[in-house]
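The exercises below concern helix packing and aromatic pairs. Each task is followed by a worked solution.

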Amino acid sequence: MKGYLTAFLAMLGSYFIFPDNAYAMHIMEGFLPVKWSIIWSVITLPFIIVGLWSIQKKVSNSPSLKMLLGLAGAFAFVLSALKLPSVAGSCSHPTGVGLGAILFGPFAMSVLGVIVLLFQALLLAHGGLTTLGANTFSMAVAGPFVSYGIFKLLQKFGTPLWICVFMAAALGDLATYLTTSFQLALAFPSETGGVLASMYKFAAVFAVTQLPLAISEGLLTVLVMNVLTVHSKSELEELSALTREVKA
């Protein structure tokens, strides 16, 4: 387990040592009107507060989960740093939040997500402080909630674990970009068709790059989950990430 975390931290460190050109990841700094920057920050704040309580409760009950929590955060950081230029003022990229949402729940992922986005804004010039609330809501609130809901729903129907993980990670990724499209549409509605027409245009452009990225993220998350079921089975059982059939 420590070896996998070390590998992730090494990849993370490479972004600091060999920084790539910044094309404004997520929604870039200063792109949203002040009104929408404030609104999304206020909407996001309660999720982070509940997330802090959720993490404190889990970690205080089981300190051994700290390693797995760090792995989930590193996974989100590395994947979300792999960016492709997309709609003006934003980029497409995997999010990596599905794994953490499956393991620790959506509220905990809102905390890990805002930390990831804050580091990227301050150290890598990806995203920004004025758009931190909007980017956190799309990537660390909307995406994880969809991932967690899909995972639990498929589990109830006895779906194989790898399908649960793949669908949760891929659809959580797509949900992030549908939310980003909605945020951009609200801020910049079309003069002819309003918010819906604008959202359709943003989502259509995102879809070109995001669909293959979502599938790739789903497959990669399945691989990581398979490794965890071998090396961290007791922690997964404690987090209720495995069904009874898999536990047996």
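**Exercise 1.** In this predicted model, is Phe137 buried or exposed?

Solution. The relative accessibility of Phe137 is 16%. The cut-off for buried is under 20%, so Phe137 counts as buried.

**Exercise 2.** Classify the aromatic pair of Trp40 and Phe137 and place it in the chain.

Solution. Step one is geometry: the ring centres of Trp40 and Phe137 are 5.1 Å apart, with 40 degrees between the planes. Planes under 30 degrees apart count as stacked and over 60 as edge-to-face; the pair is tilted. Step two is position: Trp40 belongs to helix α2 (residues 34-61) and Phe137 to helix α6, 97 residues apart. Step three is burial: Trp40 has a relative accessible area of 5% and is buried.

**Exercise 3.** Which class does the pair of Phe47 and Phe145 fall into?

Solution. The centres lie 5.8 Å apart and the planes stand at 80 degrees, so this pair is edge-to-face. Phe47 is in helix α2 and Phe145 in helix α6, so the pair ties together parts 98 residues apart in sequence. Phe47 is partly exposed at 22% relative accessible area, and Phe145 is partly exposed at 32%. Trp40, Phe47, Phe107, Phe137 and Phe145 form one aromatic cluster.

**Exercise 4.** Describe how α5 and α6 cross, and what their contact is made of.

Solution. The axes of α5 (residues 106-123) and α6 (residues 132-156) come within 9 Å and cross at roughly 145 degrees. The crossing is right-handed. Residues in the contact include Phe107 and Leu117 from α5, and Met139 and Phe145 from α6. By class, the contact of α5 with α6 has 14 nonpolar residues, four polar and no charged.

Definitions and conventions: Residues are numbered from 1 along each chain as its sequence is written. This is a predicted model: local features need pLDDT of at least 70, side-chain atom pairs count only at pLDDT 80 or more; totals for chains, interfaces and linings use all residues. Side-chain values use heavy atoms; hydrogens and water are left out. Axes are lines fitted to C-alpha atoms, for helices over the stretch in contact, and angles run from 0 to 180 degrees between N-to-C directions. Helices (H or I, at least four residues) and strands (E, at least two) are DSSP runs, numbered from the N terminus. A crossing is left-handed if the near helix is turned anticlockwise from the far one by less than a right angle, and right-handed if clockwise. Contact means heavy atoms within 4.5 Å. Ala, Val, Leu, Ile, Met, Phe, Trp, Tyr, Cys and Pro count as nonpolar, Asp, Glu, Lys and Arg as charged, and the others, Gly among them, as polar. Rings of Phe, Tyr and Trp (its six-membered ring) pair if their centres lie within 6.5 Å; planes under 30 degrees apart count as stacked, over 60 as edge-to-face and the rest as tilted. Buried means under 20% relative accessible area, exposed over 50%, partly exposed in between (1.4 Å probe, protein chains only).
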